[in-house]
Amino acid sequence: MSQTYTLNIAGLTRKLPLLPISTDLTIASFVMLGDAQLTHAVAKELVKKIPTDCQALVTLESKGIPLTHELALLLGHDRYVVLRKSIKSYMQEPLCVNVQSITTTNQQKLVLDKNDATFLAGKKVVLVDDVISTGGSLAAATELLKKANVTLQTKIAVLAEGDANKRTDISYLEHLPLFNASGAKI
């Protein structure tokens with residue numbers, strides 16, 4: 001029988017499978033993709049953490065997309081921006097930065113298309129993510145948004161994993177612990 005972690009969030013309960021990502025580190029795998037009920041419930045809670053004068057939402061590909069979509073609808077925004085993980089053929093003069101996250105084995109890119117950069121320039125923006133762990137992805141996204149002349153108001157996430165709950169530069173709904181190889185909380 002596989003081990004799980006019980007997460008209670010936004011009035012819902014989910015059993016998250018514990019998955020080893022190294023010989024001494026195991027994470028509770030939180031994936032909102034496809035869970036419309038959970039995405040909607042956490043969006044209704046997270047929207048309360050967004051400044052009322054927010055002009056645009058930005059997320060990272062891909063797990064933050066449905067959440068950001070829900071938040072945009074709740075805020076009455078017609079559009080949001082997704083930072084992509086690779087340069088696409090349709091992109092014009094893309095801005096790029098490198099990123100390394102806890103859940104990926106290789107270094108990746110974050111890419112912002114010129115049209116999206118133009119849309120965001122000078123706006124007050126909230127950066128949305130599903131889980132903040134080491135903060136590598138957020139740091140890269142922040143760097144990319146700075147290149148686009150964006151005023152980053154705040155960074156929000158559903159969960160702060162591990163020591164991310166000690167950060168003062170993010171808002172989140174719940175803490176998600178890390179686990180050792182045997183599944184005990186670290």
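Partly exposed means a relative accessible area between the buried limit of under 20% and the exposed limit of over 50%. Keep that handy; the model here is a predicted one.

**Exercise 1.** Work out which class Asp-53 falls into, and what its salt bridge ties together.

*Solution.* Start with accessibility: Asp-53 has 36%, so it counts as partly exposed. Next, find the partner: the side chains of Asp-53 and Lys-124 meet in a salt bridge, 2.9 Å from N to O. Now place the two: Lys-124 sits in strand S8 and Asp-53 in the loop between H1 and strand S4, so the pair ties together parts 71 residues apart in sequence. Lys-124 is partly exposed too, at 33%.

**Exercise 2.** Is Asp-35 buried or exposed, and what about Arg-14?

*Solution.* Both Asp-35 and Arg-14 are buried. They form a salt bridge, with the closest N and O atoms 2.8 Å apart. Asp-35 lies in the loop between strand S3 and H1, while Arg-14 is in strand S2, so this pair links parts 21 residues apart in sequence.

**Exercise 3.** Describe how H1 and H2 pack.

*Solution.* Two numbers get you going: an angle of about 55° and axes 9 Å apart. Angles from 35 to 65 degrees fall in the oblique class, so H1 and H2 are oblique to each other. Their crossing is right-handed. Then look at who touches whom: H1 contributes residues including Thr-39, Val-42 and Leu-46, and H2 contributes Leu-67 and Leu-71, among others. Sort the contact residues and you get 7 nonpolar, 2 polar and 2 charged.

Notes. Residues numbered from 1 in each chain as written. Predicted model: local features only at pLDDT ≥ 70, side-chain atom pairs only at ≥ 80, totals over all residues. Heavy atoms only, no water. Axes fitted to C-alpha atoms, helices over the stretch in contact; angles between N-to-C directions. Helix = DSSP H or I, 4+ residues; strand = E, 2+ residues; numbered from the N terminus. Parallel < 35°, antiparallel > 145°, perpendicular 65-115°, else oblique. Left-handed = near helix turned anticlockwise from the far one by under 90°. Contact = heavy atoms within 4.5 Å. Nonpolar A, V, L, I, M, F, W, Y, C, P; charged D, E, K, R; others polar. Salt bridge = Lys/Arg side-chain N within 4 Å of Asp/Glu carboxyl O. Buried < 20%, exposed > 50% of the residue type's maximum accessible area, 1.4 Å probe, protein only.
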